[in-house]
Amino acid sequence: MLQSAPPPSTMTHTPPQPLDEGAIDRWMLDPAVTFLNHGSYGARPKAVHAARLKWLQRIEAEPLLELDRIRPQLVAAAKVAAGACVNARPENFGFVTNASAGVCAVLRSMPMEPGDELLTTTHVYPGVRETMKYLAAQRGGVMKEAHVPLPVHGPDDFIAAIDNAITDRTRLVLIDHIASPTAIVFPVQAIVDLCHRRGVEILVDGAHSPGMLPLDIESTGATYYVSNFHKWICAPMGAGMLWVTPDKRESIRPAVISNFNADGFVPAFEWQGTRDITPWLTVPDAIAWGASIGWDRIMQHNHELAVWVQDMLCSRWDVEPNSARDGSMIGSMASITLPAEVQQRYNDRQAYQAMIHREYNIEAPIVDWPQGWLVRPSCQIYNRPEQYIALAEAIEDTIA
Ligand SMILES: Cc1ncc(COP(=O)(O)O)c(C=O)c1O
């Protein structure tokens with residue numbers, strides 16, 4: 001039975017103090033919408049958007065000068081700031097448009113024989129699942145998924161599932177750093193160690209990690225690490241990166257091959273055909289915007305809010321959290337199992353999400369999961385606790 005308010009006795013967390021810098025009028029977002037889905041495409045502070053427009057104006061005024069003659073210096077300078085933010089040496093990574101392009105670059109570049117296997121988990125992002133299936137099948141290989149059911153009890157759930165699923169045909173393990181459907185933070189280090197022990201390459205899909213978790217890519221020991229700056233660093237959409245361990249670097253090329261392919265890893269990534277490079281050039285502006293508030297403060301605020309949201313919604317709907325109750329396996333998002341009546345009454349997930357937006361002015365992702373639908377709210381400094389109460393009330397209203 002749903003309750004009209006969280007029973008205080010079962011709640012152990014409190015929301016953080018709001019940060020003044022999070023005021024919604026500092027963001028490009030429509031303030032009339034309760035926006036609880038930062039995780040899908042990020043959102044831009046007005047200051048970052050203005051910085052991007054300056055780059056655009058500069059390039060549109062002198063396209064040849066900017067794109068042909070000084071592009072290498074511009075991109076190299078942006079890489080210094082981007083690399084410092086995630087601890088990646090500029091010679092080991094290239095910008096890409098998005099995490100999807102980074103995954104494509106790795107899977108298309110690596111050798112694969114008929115019968116080889118690409119392994120991921122059931123928490124994989126749906127678009128990455130499709131990429132793995134398609135590119136494995138093109139070369140006579142197969143894509144497999146290690147089943148990691150919810151709720152996750154701890155890192156061993158991942159280790160055991162992946163260890164059991166690796167075979168002598170496994171060419172690559174792809175894991176999420178923070179899973180899209182379930183918001184769970186994977187035990188990356190332990191899985192990297194496992195892959196080393198089993199002699200398998202590992203690609204970490206860190207689409208959500210920069211700006212959500214402190215990051216040290218050079219130290220993970222992964223073979224490949226893909227990431228986005230347009231989600232939690234709040235850079236313009238179209239700013240991703242692919243890091244490659246030095247001994248594999250020269251075998252990897254971007255998904256789009258162009259003029260400087262023969263010149264090596266860095267030039268090949270720096271020019272992927274004519275495109276808008278302003279999202280990459282704005283990454284340092286976005287990093288500086290967050291630094292002016294304090295990335296630690298932002299990450300801590302968002303995490304504390306997510307832990308409270310998980311606690312509040314689980315208590316309210318009397319459901320088990322999908323990972324540790326203390327929030328130690330989530331970052332700035334949480335996934336919560338919806339009351340079963342929601343799926344029973346509305347069996348089209350996308351239509352239900354659109355209805356919550358249309359009828360209640362709330363943008364929150366509803367996720368299809370084998371055991372039942374989840375809601376996966378994000379927490380960013382422009383969000384306030386009462387917005388999640390409004391989400392709970394809206395969902396309860398749809399099944400009243
Ligand atoms: C874990 C994960 N991987 C990959 C992606 C794809 O990101 P993009 O659309 O920027 O390529 C997403 C998007 O939400 C994601 O959550």
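Helices and strands are DSSP runs, numbered from the N terminus.

**Figure 1. Overall view of the predicted model.** The chain contains 15 helices and twelve strands. Its C-alpha trace extends over about 65 × 55 × 35 Å along the principal axes. The radius of gyration is 21 Å, in agreement with the value near 21 Å that a compact globule of 400 residues would have. Of these 400 residues, 58% count as buried. Among contacts with a separation of 6 or more, 72% join residues 24 or more positions apart. The exposed surface amounts to about 16400 Å², of which carbon and sulfur atoms supply 53%. The side chains include 32 positive and 45 negative groups, and the centres of the two sets are 5 Å apart.

**Figure 2. Close-up of the cis peptide bond between Leu-150 and Pro-151.** Omega for this bond is near -5°. Pro-151 belongs to the loop that links strand S4 (142–146) with helix H7 (155–165).

**Figure 3. Close-up of Leu-215 and its contacts.** Leu-215 lies in the loop between strand S6 (201–206) and helix H9 (217–220). Leu-215 is buried, its relative accessible area being 13%. Leaving aside residues up to four places away in sequence, Leu-215 touches Cys-85, Val-86, Asn-87, His-177, Ser-209, Pro-210 and Tyr-225. The C-alpha atom of Leu-215 is 9.9 Å from that of Ala-84, although 131 residues separate the two along the chain.

**Figure 4. Close-up of Asn-87, one of the residues touched by Leu-215.** Asn-87 is situated in the loop between helix H4 (71–86) and strand S2 (93–96). Its phi is near 45°, a positive value in a residue other than glycine. With a relative accessibility of 33%, Asn-87 counts as partly exposed.

**Figure 5. Close-up of the cysteines Cys-85 and Cys-234.** The cysteine sulfur closest to that of Cys-85 belongs to Cys-234. No bond is formed between them because the sulfur atoms are 11 Å apart, which is too far, whereas a disulfide requires a pair of cysteine sulfur atoms within 2.5 Å. By this rule, the count of disulfides is zero. Cys-85, which is also touched by Leu-215, is partly exposed at a relative accessible area of 26%. Cys-234, by contrast, counts as buried at 0% relative accessibility. Cys-234 is placed in the loop between strand S7 (224–228) and strand S8 (240–244), and its phi is positive, about 70°, although it is not a glycine. A further cysteine, Cys-195, is buried, with a relative accessible area of 0%.

Methods. Residues are numbered from 1 along each chain as its sequence is written. This is a predicted model: local features need pLDDT of at least 70, side-chain atom pairs count only at pLDDT 80 or more; totals for chains, interfaces and linings use all residues. Side-chain values use heavy atoms; hydrogens and water are left out. Helices (H or I, at least four residues) and strands (E, at least two) are DSSP runs, numbered from the N terminus. The radius of gyration is taken over C-alpha atoms; the globule rule is 2.2 Å times the number of residues to the power 0.38. Buried means under 20% relative accessible area, exposed over 50%, partly exposed in between (1.4 Å probe, protein chains only). Contact means heavy atoms within 4.5 Å. Accessible areas come from the Shrake-Rupley method with a 1.4 Å probe; for residues, only the protein chains shown count as cover. Lys and Arg count as positive and Asp and Glu as negative; His and the chain ends are not counted. The place of a charge is taken as NZ of Lys, CZ of Arg, CG of Asp or CD of Glu.
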